[in-house]
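Please find below a short note on the model under review. The points are arranged by topic and may be read independently.

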Amino acid sequence: AERVFQKLTEEIPVYAPGWTNLGYVRLLNGDDQTAEKCYKKALSLNPDYTQASVNLAGLYVYRGNGSLARTVLLDVLKREPNNQEIKDILKKIPSQ
């Protein structure tokens, strides 16, 4: 899967979902540094791409930085105030 998404980002570098999926695969392979770069690249291409924000927040939780994760998700809620999934995720992130 990693090769597929790597090729996708090379062929269509402006496709935010490709970067998000590449980041997810990199995270699964233990490369959280590159995963973060991929999620941020996706968000630089499409700041409103919720899945990239959710994945980035999950990475921050994985690293033990719930505060940063909450900040990312609260930004999503500013543009999607009725997003129940984001509200539910926020309830599960410990306050620091």
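The points below cover the basis of the model, helix packing, salt bridges, a surface patch and selected residue pairs.

1. Basis of the model. This is a predicted model, in which local features need pLDDT of at least 70 and side-chain atom pairs count only at pLDDT 80 or more, while totals for chains, interfaces and linings use all residues. Residues are numbered from 1 along each chain as its sequence is written, and side-chain values use heavy atoms, with hydrogens and water left out.

2. Helix 1 and helix 2. Helices are DSSP runs (H or I, at least four residues), numbered from the N terminus. Helix 1 spans residues 2-11 and helix 2 residues 16-28; their axes lie 9 Å apart and the two pack at an angle of about 150 degrees. Axes here are lines fitted to C-alpha atoms over the stretch in contact, and angles run from 0 to 180 degrees between N-to-C directions. Helix 1 and helix 2 are therefore roughly antiparallel to each other, given that angles under 35 degrees count as roughly parallel, over 145 as roughly antiparallel, 65 to 115 as roughly perpendicular and the rest as oblique. The crossing of helix 1 and helix 2 is left-handed, a term that applies if the near helix is turned anticlockwise from the far one by less than a right angle.

3. Helix 3 and helix 4. The axes of helix 3 and helix 4 come within 9 Å and cross at roughly 150 degrees. This pair is therefore roughly antiparallel, and helix 3 passes helix 4 in a left-handed crossing.

4. Helix 2 and helix 4. How are helix 2 and helix 4 oriented to each other, parallel or antiparallel? Their axes cross at roughly 20 degrees and come within 10 Å, so helix 2 and helix 4 are roughly parallel. The crossing of helix 2 and helix 4 is left-handed.

5. Salt bridges within helices. Side chains of opposite charge can pair when their charged atoms come close. A salt bridge is taken as a side-chain nitrogen of Lys or Arg within 4 Å of a carboxyl oxygen of Asp or Glu, and by this rule the count comes to eight. In one of them Lys7 pairs with Glu11, with the closest N and O atoms 2.7 Å apart. Both residues lie in helix 1, four residues apart, about one turn of the helix. Lys7 is partly exposed at 48% relative accessible area, whereas Glu11 is exposed at 54%; the classes are buried (under 20%), exposed (over 50%) and partly exposed in between, with a 1.4 Å probe and protein chains only. Another salt bridge joins Lys40 and Glu36 at 3.2 Å, N to O. Lys40 and Glu36 are separated by about one helical turn, because they stand four residues apart in helix 3. Lys40 is partly exposed at 43%, while Glu36 is buried at 14%.

6. Network and long-range pair. Which residues are linked with Glu36 in a network of salt bridges? The network consists of Asp32, Glu36, Lys40 and Arg63. Elsewhere, the side chains of Arg79 and Asp48 meet in a salt bridge of 3.5 Å, N to O. Arg79 lies in helix 5 (residues 66-79) and Asp48 in the loop between helix 3 and helix 4 (50-62), so the pair ties together parts that are 31 residues apart in sequence. Arg79 is partly exposed, with 28% relative accessibility.

7. Nonpolar surface patch. Ile12, Val14, Tyr15 and Leu45 form a nonpolar patch on the surface, with about 350 Å² of accessible area together. Patches are made of residues with over 30% relative accessible area and no salt bridge; like charges are joined within 9 Å, and nonpolar side chains (Val, Leu, Ile, Met, Phe, Trp, Tyr) within 5 Å. Accessible areas come from the Shrake-Rupley method with a 1.4 Å probe. Leu45 belongs to helix 3 (residues 32-45) and is partly exposed at 32% relative accessibility.

8. Selected C-alpha separations. Glu36, in helix 3, and Thr20 are 16 residues apart in sequence and 9.3 Å apart in space, C-alpha to C-alpha. Gln33 is also placed in helix 3 and is partly exposed at 47% relative accessibility. The C-alpha atoms of Gln33 and Trp19 are separated by 14 Å, with their positions 14 residues apart along the chain. Val54 is found in helix 4 and is buried at 17% relative accessible area; its C-alpha atom is 12 Å from that of Ala42, and the two residues are 12 apart in sequence.
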